[in-house]
Every structure is written in structure tokens, then in C-alpha cells.
Amino acid sequence: MECVTDGAIAGLITSQPPAFTPTAIADITEQLRERVYVVLDPSSGARGVAVEGSMVEVGTPESWPVAAVLPPMFPEWLGDRSFTEVHGTRFPYVSGAMANGIATTDLVIAMARAGCMGFFGAAGLARDRIALAVDELTATLGPSGAPWGCNLIHSPQEPELEAAVADLYIERGVRRVSAAAYMSLTPAIVRYAASGITLDDSGRVRRPNMVFAKISRPEVARHFMSPPPRRMLDALVAQGQLTAAEADLAASLPVAEDITVESDSGGHTDNRPLGPLFSTIQSLRDEVVAEHGYTRPIRLGAAGGIGTPQAVASAFALGASYVLTGTVNEACVESGLSDEGKQMLATAGIADITMAPAADMFELGVDLQVLKRGTMFAPRAKKLYELYRSYRSLDDIPADEIAELEKILGTTVAECWESTRDFWMDRDPAQVERAEREPRHLMALTFRSYLGQSSRWAIDGQSERMLDYQIWCGPAMGAFNEWTAGSFLADPARRTAAQVAMNLLEGAAVVTRAHQLRTFGVAVDPSGFDYRPRPLDIPALH
């Protein structure tokens, strides 16, 4: 029988016969840290895989013709090397800044110690509470040690709070900020991005503050990929908030060099699929880089729907420099969500989600994505928005609607406004002054009190308000639950953020390896793409 050597680059002498059946090949996909050889059957030309042996010349007796050699693969190498180098992470993996402190300092610390990066969920918190978290993270991880960051959310209803939080980050040396919910640039985010920019002795620009811009629309992405508007920089200089040198250097740099492309996710989302959105932003990035002649890279991360190894692998295959996870971390032990809320998330399927009005952008009609199963929050929140759209003030609402409204609020309208008024007198008295002049704003603040408290009830685990829990949730949660079913990660009490991250990354590397083998003509059984969770010795992942 004629020996098949077409396409062979070498021969392989091995003591163990290569695998030629799809199922045996699938088993090899998990041997990531071994060099593997794609070999040819000399008789049939079938392609198989060997995991050890010595390379010899083609045609050497007793050798297997080698068609390809795949070097060892490591989860660390899945993303863009510049991401891990610039930010000092071991893995191209980020945990997102879930608001109201759901992304706790414990979660951020766990991520940093696992070689990843985490953002503290500062949105919705008062400045003093954020300051305490920054102090804890700085004391534990160091200002320039293990990588970490905090959230800076666009607050159209509270621009003073947004500015105050940006000031806090600059003063305390918070070096990474996740900018979320922005529709355009504000002085606060531009000031943060430009503060401290200098030239080193070699003439290289050094920027201490790095912005991760979370976007889901090309027009918003363009704002962050471009330099800040000159007029905004000049205004900040005139106000003494930037130096002229900082403004001049910022005028040649993008506001953000890390852009998180957010597809269908929990919380604020445009419900867009990752593939089309990412490729669109990718093309825009290349256009903007060419337009401005940047010599520094703008990295694109992928977020939304990242709940399985296949999703992680597909994000990296699209060209993502890093992946960012959200809802799956909300269900982890380090999350600030209550145990009751975590248990609810653990039973969610991919269809157990819906859209509901957002507290921070209620008047604008902006929705966010929440858990539907086990809670009545979404229909009740939608009812409040219907009332807001239909009436000019609380006094205009008919008696029968008021009765239904008070069932939702759990108190009388008058009592609800009094507690709401007390809250805003402490947080931002200007809101109360406006409400007392504008009845419709008073109605909005009253309704927003329910929306705001509903997430707090879920965090605190107030069992009597369980039907009102607002739990941000995307389809990734259902996919994650399906993937972890029957494994140790099915139990919420064992879902540590590091184990979740390492299993997703390890699994993504396995899926990538299986795909590599298939592109070399190897028949890989579907099980080769189906990595299942297992307890990992995290320090062993070198």
C-alpha cells in the first residue's frame, strides 16, 4: 500500500499510537499545555492527533507523517498581549462594575488576586460610600499594584454627583475607570482621562488614568475613540481643572484606549448581538485610528452574553482584546446581592429576562434588562412609567389608579413622597426644590424611589419584598446555569468569582484548541467543544 505523505512537513516517532477516532481526538483537546501533532495515516491519509514523540525526517521508517504542529496553549494567551502588558493582568478577563456595590470590593480583590481585573460597582452610591471602597481597595491592593478600577456612570439627573465622583478618583489615584451609560462626553469623564498626562524623558506620552468605555452604539464609541473636543478642554483649563499642558497632550489622544463592546447584557443594554456589533465597532476603530494617526492601540473588549466557554472563545475569535463578564459574577459568593437573589439567579433560564424602566434614566424612558422569573418588579415598574406618561402630577391620577399604585409602593403616596423627600434632602436638595416647583418631577422622584429601593431590597435580602426584587440579568445567566448543571458550580455557595473566571478561560482555550484541530482537517467529535466545569487549582494555571 502506497505511503501517504502529501502535505507532510516531518515525521514523528511516538511510543503511543495517535488518536484517529473523533471521540479520542476530543479527549486530547483538553491537553492544552502539551504540544500536539496532526499526523497522517500512511495507508488512508486520515488525519489524527499525537501528543508526544520525536520529530524525524519525512519517510523515516516507523514514523507518522506530520501535517502540522500546534504549540502549547494557555488561557493567558487568548486575548491581546498589549492588554495584559499595559494593565498588568495575567489573564485578559475583567469583571464588570455592577451598580449599587453589587460588584463589591471583595469581588474586585478576588479578581485581582486571580490575575484578572475587577471594577467596583460605584454607580448609585453616595460619594462617601465610594470613598470608603476606594480606601479599602488601595490599602489591600495598592494604588499601582494589582490592577483594579471603579465605575463612573453618566448621571444626567445628577451631574454634580458625577463630577464629585470623578474628582474623588483623581484625588485618590484610582487609575482605571469603567465609564458607563454615556451618550456623549461630559467634562467629568474628560477631566479624569486627561488629568496627569505628561511626556517622559524619551518624549513618550504617559497617561496615569485609563478609561474603559462601555458602549453599544457606534456614535458613542466614536466619542471615546476620538480626542476630547478642544472647546471642552479649553473650558476645563479656564476653570483650573486641567493644565494647558495636559489639555494639549489630551488633544492628540483618544479619551479611552480600551473600549468594551457591550451586547445583550443585564442592566443597561441595547439588546444587540455581539457579532454584528463587534465587527461594526471594529471597522469604526480602524477608521478612527487612521483618521487621527494614532500610534498607540485602541483595544476592543467584548461584554454581554459571556457566560460559557463557547461564548468566551467566540469573543476572542472576533478579535476581542479582553472579555468582560457581569451577570455571572452577580451570582458569585463575593457579589453584594443577597443569598435569596443569588438563588433566584441560579434557577434562571435564557428566556427568564425582560426589560423594565431604569431608575437613573426614568424620565428619559430608558429601560434595563432584569430577571423576570420569581419577581413582579418588571410589570410593576412598567405600570409606574405608564402613569408618569399619562398624568402631569400625582394629584391628576384617578383614585382607582392611586389604589393600585399604593399596592406597588407598599405605602401611601404621601408617605412615599415624604421618605423620598428626606432621601433627596440628604443627597441633593436641589432635586427637592425642583420637585416642589414642578409636580411632574415630584411624581418622577416618587416613582423612582420604588425603582431604586427594589434593587436595594434584592441586595439586602428583604424577604417581605421578594416579589419586588430588581435583579439585573442578561441571557448569559441562563446559559451559565445550563453549562454548570450537574457540576460543582451549580451550587451558588461554590460559585467563587475566581473559579468561574478560570473555568470560563480554561474552557475557552479548549474550544479554541478543538477549532484549531478542525481547521487542520482533523475530525473532532462535538464533545471536544463541550468543556465542563471542574474545581481548578488556580495557581497551577501557568
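Good morning. I shall begin with a single residue, C332, which is buried, with a relative accessible area of 0%. Please keep in mind throughout that the structure before you is a predicted model.

Does C332 stand free or take part in a disulfide? C332 is in no disulfide, and the nearest cysteine sulfur, that of C116, is 12 Å away. Indeed, the structure as a whole holds zero disulfides. A second cysteine, C473, may be considered alongside. Why does the sulfur of C473 form no bond with the closest cysteine sulfur? The closest one belongs to C332, and because the two sulfurs are 13 Å apart, they are too far from each other for a bond. The cut-off for a disulfide is 2.5 Å between the sulfur atoms. C473 is also buried, again with a relative accessible area of 0%.

Let me turn to the strands. Strand β12 covers residues 210–215, and five of its six residues are buried. Which strands pair with β12? On the one hand there is β9, residues 176–180, which pairs with β12 in the parallel sense over four bridges. Within that pairing, A179 has A213 of β12 as its bridge partner. On the other hand there is β13, residues 258–262, which is likewise joined to β12 in the parallel sense by four bridges. Here I215 stands opposite V261 of β13.

A separate open sheet has three strands, in the order β14-β18-β17, and its pairing is antiparallel. Its edge strands are β14 (267–268) and β17 (353–357), each of which pairs on one side only. Between β17 and β18, the latter being residues 367–371, there are five bridges. One bridge pair is I353 with L371 in β18. For those new to the subject, a general remark may help in viewing these strands: in a regular strand the side chains alternate between the two faces of the sheet.

I come now to the aromatic rings. A pair of aromatic rings is described by the distance of the centres and the angle of the planes. How many aromatic pairs does a search of the whole structure find? The search finds 15. One of them is formed by F83 and F212, an edge-to-face pair at 6.2 Å centre to centre with 90° between the planes. This pair links distant parts of the chain, since F83 lies in helix α2 (residues 81–87) and F212 in strand β12, 129 residues apart. Both F83 and F212 are buried. Another edge-to-face pair is that of F362 and Y385, at 5.4 Å centre to centre, with 90° between the planes. F362 lies in the loop between β17 and β18, whereas Y385 belongs to helix α14 (residues 377–390), so this pair ties together parts that are 23 residues apart in sequence. F362 is buried, with a relative accessible area of 0%. Ring pairs also link F83, F119, F212 and Y322 into a cluster.

Next, the charged side chains. The structure holds 27 salt bridges. In one of them, the side chains of D167 and R191 meet at 2.0 Å, N to O. D167 is in helix α5 (residues 159–172) and R191 in helix α6 (residues 187–194), 24 residues apart, and the pair links distant parts of the chain. Are these two residues buried or partly exposed? D167 counts as partly exposed because its relative accessibility is 22%, whereas R191, at 17%, counts as buried. The dividing value is 20%.

A further salt bridge joins E401 and K383 at 2.9 Å, N to O. E401 lies in helix α15 (residues 399–409) and K383 in helix α14, so parts that are 18 residues apart in sequence are tied together. E401 is buried at 18% relative accessible area, and K383 is buried at 17%.

Within one helix, R456 forms a salt bridge with D460, the closest N and O atoms being 3.5 Å apart. Both residues lie in helix α18 (residues 439–460), four residues apart, about one turn of the helix. R456 is partly exposed at 33%, and D460 is partly exposed at 44%. Finally, R207, E257 and R296 are linked in a network of salt bridges.

I shall close at the surface. There, I9, M55 and V69 make a nonpolar patch of about 260 Å². I9 lies in the segment before β1 (10–13) and is exposed, with a relative accessible area of 53%. Thank you for your attention.

Conventions. Residues are numbered from 1 along each chain as its sequence is written. This is a predicted model: local features need pLDDT of at least 70, side-chain atom pairs count only at pLDDT 80 or more; totals for chains, interfaces and linings use all residues. Side-chain values use heavy atoms; hydrogens and water are left out. Two strands pair if DSSP finds at least two bridges between them. Helices (H or I, at least four residues) and strands (E, at least two) are DSSP runs, numbered from the N terminus. Buried means under 20% relative accessible area, exposed over 50%, partly exposed in between (1.4 Å probe, protein chains only). Patches are made of residues with over 30% relative accessible area and no salt bridge: like charges are joined within 9 Å, nonpolar side chains (Val, Leu, Ile, Met, Phe, Trp, Tyr) within 5 Å. Accessible areas come from the Shrake-Rupley method with a 1.4 Å probe; for residues, only the protein chains shown count as cover. A salt bridge is a side-chain nitrogen of Lys or Arg within 4 Å of a carboxyl oxygen of Asp or Glu. Rings of Phe, Tyr and Trp (its six-membered ring) pair if their centres lie within 6.5 Å; planes under 30 degrees apart count as stacked, over 60 as edge-to-face and the rest as tilted.
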